[in-house]
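Thank you all for coming; I would like to walk slowly through one structure today, and I will try to say at each step what we can read from it. Please have the view ready before I begin.

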Amino acid sequence: MPRLHDHFWSCPCAGAARRPSLQRARAAKPVAELGDMSAPVAQAAGADPSPRGPRAGASGRANSWHHDLVQRSLVLFSVGVVLALVLNLLQIQRNVTLFPDEVIATIFSSAWWVPPCCGTAAAVVGLLYPCIDSHLGEPHKFKREWASVMRCIAVFVGINHASAKLDFANNVQLSLTLAALSLGLWWTFDRSRSGLGLGITIAFLATLITQLLVYNGVYQYTSPDFLYIRSWLPCIFFSGGVTVGNIGRQLAMGVPEKPHSD
């Protein structure tokens with residue numbers, strides 16, 4: 001015998017009552033699908049700015065790195081110009097270096113091209129030292145403070161002053177003394193393999209360039225004993241390279257590495 005609830009669900013009025021709910025469910029399904037399809041469209045239209053975030057951050061870091069590079073270059077160039085004017089004046093006053101009369105009528109009685117050339121060399125060397133340290137994976141951490149850098153500059157000026165002031169029986173004794181002082185400067189304020197290697201390379205290249213300049217009559221040295229120059233000159237170049245390198249390293253402290261573009 002059929003039960004009462006079976007008659008109720010088979011009643012036509014009950015089926016009529018269920019049809020509106022089924023129609024509303026079927027109508028809501030395309031709307032939901034349309035909402036799901038609208039998400040990729042909005043993302044493609046640029047509603048989500050996240051893909052551009054990393055690219056904008058990398059661009060900002062690159063601009064900051066280049067700005068810092070220009071600042072360090074200007075500081076190193078200025079240091080090189082000042083050192084060139086002061087130290088070259090000492091050499092000229094002691095008649096160690098001789099320039100033609102027509103080219104020493106400028107500031108500090110020095111040839112006009114000496115300060116900018118020394119400034120450019122100082123900028124290149126000062127930027128090269130921290131770059132080599134980063135490339136070798138050996139950050140220089142020995143006496144990284146401005147007080148140590150200032151003492152290194154003072155010792156370098158003293159070595160240059162000794163080359164013009166000290167009187168020895170011959171240039172060999174003076175050269176050996178200055179060589180010992182230059183190595184002592186490196187050991188006291190640097191002690192890195194990269195600093196030693198770069199100092200020797202700088203001394204070799206600078207000595208070669210100086211030989212060519214003197215050979216072509218740009219200027220000359222009194223009493224040359226190493227081809228056309230003084231035998232102690234490589235010691236000055238070596239200690240100068242170590243000094244400028246320490247300045248460049250100190251300026252590079254806290255500077256982020258150059259960002260790599262993928």
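Let me begin with Arg191, which is partly exposed, with a relative accessible area of 42%, and please keep in mind throughout that we are looking at a predicted model. Arg191 sits in the loop between H6 and H7, and its phi is near 65°, which is a positive value in a residue other than glycine. A positive phi also turns up at Leu227, where the value is near 60°; Leu227 belongs to the loop between strand S2 (220-221) and H8, and with a relative accessible area of 66% it counts as exposed.

From that loop we can move on to helix H8 itself, which covers residues 233-251 and reaches 27 Å from its first C-alpha to its last, close to the 27 Å expected at 1.5 Å a residue. Of its 19 residues, 16 are buried, so H8 is largely enclosed by the rest of the structure.

Next, consider Ser182 in helix H6 (residues 171-189): is this residue buried or exposed? Its relative accessibility is 1%, so Ser182 counts as buried, the cut-off for that word being under 20%. A polar atom of the Ser182 side chain lies 2.8 Å from the backbone oxygen of Leu178, and among the residues that Ser182 touches farther along the sequence are Cys235, Phe238 and Ser239.

Finally, on the surface, Phe204, Leu205, Leu208 and Leu212 form a nonpolar patch with about 410 Å² of accessible area together. Leu208, which lies in helix H7 (residues 193-215), is partly exposed, with a relative accessible area of 43%.

Conventions:
Residues numbered from 1 in each chain as written. Predicted model: local features only at pLDDT ≥ 70, side-chain atom pairs only at ≥ 80, totals over all residues. Heavy atoms only, no water. Helix = DSSP H or I, 4+ residues; strand = E, 2+ residues; numbered from the N terminus. Expected span 1.5 Å × (residues − 1). Buried < 20%, exposed > 50% of the residue type's maximum accessible area, 1.4 Å probe, protein only. Patch = residues over 30% accessible without salt bridge, like charges linked within 9 Å, V, L, I, M, F, W, Y side chains within 5 Å. Areas by Shrake-Rupley, 256 points an atom, 1.4 Å probe, with all protein chains shown as cover. Salt bridge = Lys/Arg side-chain N within 4 Å of Asp/Glu carboxyl O. Polar contact = N/O pair within 3.5 Å; in protein donor to acceptor, adjacent residues only side chain to side chain. Contact = heavy atoms within 4.5 Å. Lists of a residue's contacts leave out its neighbours within four places in sequence.
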